[in-house]
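Let's take a walk through this protein together. Have the sequence and the 3D view open as you read.

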Amino acid sequence: MKKINLPCLLLLSATFHAVAQQPSTDNPKPFTESLMQNNCTFLTSGRNTFCILKPGYEMVYEGMDGKDKVRLVITVTNETRKIGNIETRLVVEDESLNGNRIEISRNFFAFCKETSSVYYFGEEVDIYKDGKIVDHEGAWKAEGKNKAGVDVPGLPFLGARFYQEIAPDVAMNRIEIISLAETINTPAGNFKNCMKTEETTPIEPGEREYKTYAPGVGLIQDETALLIKY
């Protein structure tokens, strides 16, 4: 499952509805697809409780995937890119395994002035093997039949369920907010009142990923990778 790891997670208060917290396999409630994009004045930078979309902001993560060492660097760049008629901010993710680069993704985000939610407008993906680009799996843009999703809502509700990506047959990541009271200890510090999310996709049924976001910082835990500096 391809997941974008923007250093933030905010909410669209007017659209997302809280539902009782329970495992996704038992929860029949749908994920929100109508995300009110047309009601937003989009900006290329901004911040909310769980997201910092500001040029120059950078986060570094490390962890173990079995016996392999994972390192991820996320950088909010000074560059912008127009996707459809929306000017977006370019956020680059550089991921390596045991010191060897395995993927670079260039992700496109915009900040909704009215709701403080951060929307996700797609990504360009380079997948590496032995130092060479071998694939672009998961690449998409919010153009044509594809639509932007919400990466981080401005006002998170426990149990809210919504799409991050709406690109049929390519990228359909969706999120459920399963906690707003996590405490996580990382090499970068101890964080309280954190938001934990469960990510799934209908493209890969049964797959689940978990992320944790800290107030005023953003993403601090991506599966086994923890924030080491920001």
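Arg 161 lies over the face of Phe 31, at 4.0 Å from the ring centre. Keep in mind that you're looking at a predicted model. You'll find a similar arrangement where Arg 101 lies over the face of Tyr 128, this time 5.7 Å from the ring centre.

Now for rings meeting rings: searching the whole structure turns up five aromatic pairs. One of them is Phe 31 with Tyr 163, an edge-to-face pair with centres 6.0 Å apart and 65 degrees between the planes. Phe 31 sits in the segment before E1 and Tyr 163 in strand E12, so this pair ties together parts 132 residues apart in sequence. Both of these residues are buried.

Next, find Phe 42 and Phe 121. Their ring centres are 5.3 Å apart and their planes meet at 85 degrees, so this pair is edge-to-face. It links strand E1 to strand E8, 79 residues apart. Add Tyr 119 and you have one aromatic cluster of Phe 42, Tyr 119 and Phe 121.

Those three also turn up in the largest nonpolar core, which has 52 residues, and they are among those with the most contacts inside it. Strand E7 gives the most to this core, with five residues. Nonpolar side chains tend to be buried together in soluble globular proteins.

How many disulfides are there in the whole structure? The search finds one, between Cys 40 and Cys 112, with sulfur atoms 2.2 Å apart. The torsion about its S-S bond is about -95 degrees, so the disulfide is left-handed. Both Cys 40 and Cys 112 are buried.

Definitions and conventions:
Residues are numbered from 1 along each chain as its sequence is written. This is a predicted model: local features need pLDDT of at least 70, side-chain atom pairs count only at pLDDT 80 or more; totals for chains, interfaces and linings use all residues. Side-chain values use heavy atoms; hydrogens and water are left out. A nonpolar core is a set of buried Ala, Val, Leu, Ile, Met, Phe, Trp, Tyr and Cys residues joined through side-chain atoms within 4.5 Å. Buried means under 20% relative accessible area, exposed over 50%, partly exposed in between (1.4 Å probe, protein chains only). Helices (H or I, at least four residues) and strands (E, at least two) are DSSP runs, numbered from the N terminus. A disulfide is a pair of cysteine sulfur atoms within 2.5 Å. Rings of Phe, Tyr and Trp (its six-membered ring) pair if their centres lie within 6.5 Å; planes under 30 degrees apart count as stacked, over 60 as edge-to-face and the rest as tilted. A charge sits over a ring if NZ of Lys or CZ of Arg is within 6 Å of the ring centre and within 35 degrees of the ring normal.
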